[in-house]
Amino acid sequence: MKSKAVDYEARLNSLKLDLTYVIARNELELYYQPKVSAETNRIIGAEALLRWNHPKWGIIGPNEFIPLAEKTGFINEIGKWVKKNACRQNKVWQDAGLLKIPVSINLSASRFLERDLITHVMDTLKETKLDPQYLEIEITETLLLENEEVVFSVLDELRNLGIKIALDDFGTGYSSLASLNRFKGKIDILKIDRSFIQGLSSSLEEDSNFIVKMIIQLSHQLKMNVIAEGVETNEQLAVLQKYNCSMIQGYLFSKPIPADEFVKLLKKDNLE
Ligand code: C2E
Ligand code: CA
Ligand code: CA
Ligand code: CA
């Protein structure tokens, strides 16, 4: 009898091999999760999240295959595919006369440090004819830890193109609230990590409330936008509204959904 560990190994090894064919076999798909205004509930943006439609295993989430792709180096090809498809899709929606919204993509740290990143971003924008203000790039704090000088100069180049930069999973990394000051003028949007949002409660005594409140206040002072991710309950929403958090993302409004479902949400918003 085979053990679970052997099965797991086997799956990983076969996935690693299959991964090199995902683009040629057209197995990647972007799902879109709406970002909404905390005041009006209207869609103000979307995050593109990668899915792998595997012929044998079904839908595989990015937490499983992105690390594999990083190990094999194939993450570069995947990153290019994501950027191109997210921009192209957004342009299709805009050309259809739907609400114009920024779409964000996630960039892995290794991809960020590739020399051809800026050229590829520029080529993609030109090719898809998407106005740069509708592209957002989400990076994580670990990246800023790596090589601050190089990263800051790449961030400057991206922002000079008109692209917005979001700091993802904020609060989980090394950076203290105080270090936020250094990101001023480099980061446009702070995404408060889900772990803090989960801990929110309507009672003011909670530590989580305090941290979230401080992050929101600080971001306002530093003239950054702030979004709460992983909002699942009306109670969490109410607390965030009280602290003047203007943007919300989470299952309360919608899970990440395929493009053809997302377009229905956009159309509904257009009509209201
Ligand atoms: P992330 O960027 O922090 O994305 C948010 C994750 O939280 C997504 O998981 C999303 O489906 C999930 N989520 C959103 N709202 C809620 C909620 O209310 N409750 C709960 N429990 N979860 C929520 P997903 O799609 O599995 O993505 C996982 C991670 O994979 C992402 O975390 C991101 O780091 C990475 N990833 C996704 N797409 C890409 C990509 O195209 N390129 C790269 N490099 N990484 C990606
Ligand atoms: Ca993200
Ligand atoms: Ca996140
Ligand atoms: Ca994350």
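Me: How are the donor residues of the calcium ion (ligand 2) spaced in sequence?

Reply: This is a predicted model, so keep that in mind as we go. The protein donors here are Glu47 (OE), Asn106 (OD1), Glu138 (OE) and Asp168 (OD). Written as a pattern along the chain, the spacing of these donor residues is E-x58-N-x31-E-x29-D.

Me: And how far from the calcium ion (ligand 2) do those protein donors lie?

Reply: Two of the donor residues sit in distant parts of the chain: asparagine 106 is in strand β4 (residues 103–106) and glutamate 138 is in strand β5 (residues 135–140), 32 residues apart. Together with Glu47 and Asp168, they place their donor atoms around the ion at 2.1 to 2.3 Å.

Me: Asparagine 106 or glutamate 138: which one counts as buried?

Reply: The cut-off for buried is under 20% relative accessible area. Asparagine 106 has 33%, so it is partly exposed. At 1% relative accessibility, the buried one is glutamate 138.

Me: Which residue bridges the calcium ion (ligand 2) and the calcium ion (ligand 3)?

Reply: These two ions lie 4.1 Å apart. One of the donors to ligand 2 is Asp168, through OD. The bridge between the two ions is aspartate 168.

Me: What about the calcium ion (ligand 4) and the calcium ion (ligand 3): which residue coordinates both?

Reply: Ligand 4 has its two listed donor atoms, both OD, at 2.7 to 3.0 Å. It is 3.8 Å from ligand 3. The residue that coordinates both ions has its place in strand β6, and that residue is aspartate 169.

Me: Which element gives the most residues to the shell around ligand 1?

Reply: There are 20 residues surrounding ligand 1, and the closest are Arg51, Asp168, Arg194, Glu232 and Tyr251. At least two residues of the shell come from each of β2 (43–54), α2 (62–72) and β6 (164–170). With 4 residues, the top contributor is β2.

Me: How much of the accessible area of ligand 1 does the protein cover?

Reply: Ligand 1 takes up the space of the largest pocket. Its oxygen atoms have polar partners there: a side-chain atom of asparagine 106 at 3.0 Å, a side-chain N or O atom of aspartate 168 at 3.0 Å, and a backbone N or O atom of tyrosine 251 at 2.8 Å. Of the 810 Å² that ligand 1 has on its own, the protein covers 83%.

Key:
Residues are numbered from 1 along each chain as its sequence is written. Chains are lettered from A and ligands numbered from 1 in the order in which they are written. This is a predicted model: local features need pLDDT of at least 70, side-chain atom pairs count only at pLDDT 80 or more; totals for chains, interfaces and linings use all residues. Side-chain values use heavy atoms; hydrogens and water are left out. Donors are N, O and S atoms within 2.8 Å of the metal (3.2 Å for Na, K and Ca); water is not among the atoms, so sites may look incomplete. Buried means under 20% relative accessible area, exposed over 50%, partly exposed in between (1.4 Å probe, protein chains only). A residue is near a molecule or strand if one of its heavy atoms lies within 4 Å of it. A polar contact is a pair of N or O atoms within 3.5 Å; within protein, one must be able to donate a hydrogen and the other to accept it, and residues adjacent in sequence count only if both atoms are side-chain atoms. Accessible areas come from the Shrake-Rupley method with a 1.4 Å probe; for residues, only the protein chains shown count as cover. On a 1 Å grid over the protein atoms alone, a cavity is a set of points where a 1.4 Å probe fits but cannot get out, and a pocket is an open set with protein on both sides within 12 Å along at least five of seven lines; lining residues have an atom within 4 Å of a point. A molecule sits in a cavity or pocket if more than half of its atoms lie within 2 Å of its grid points.
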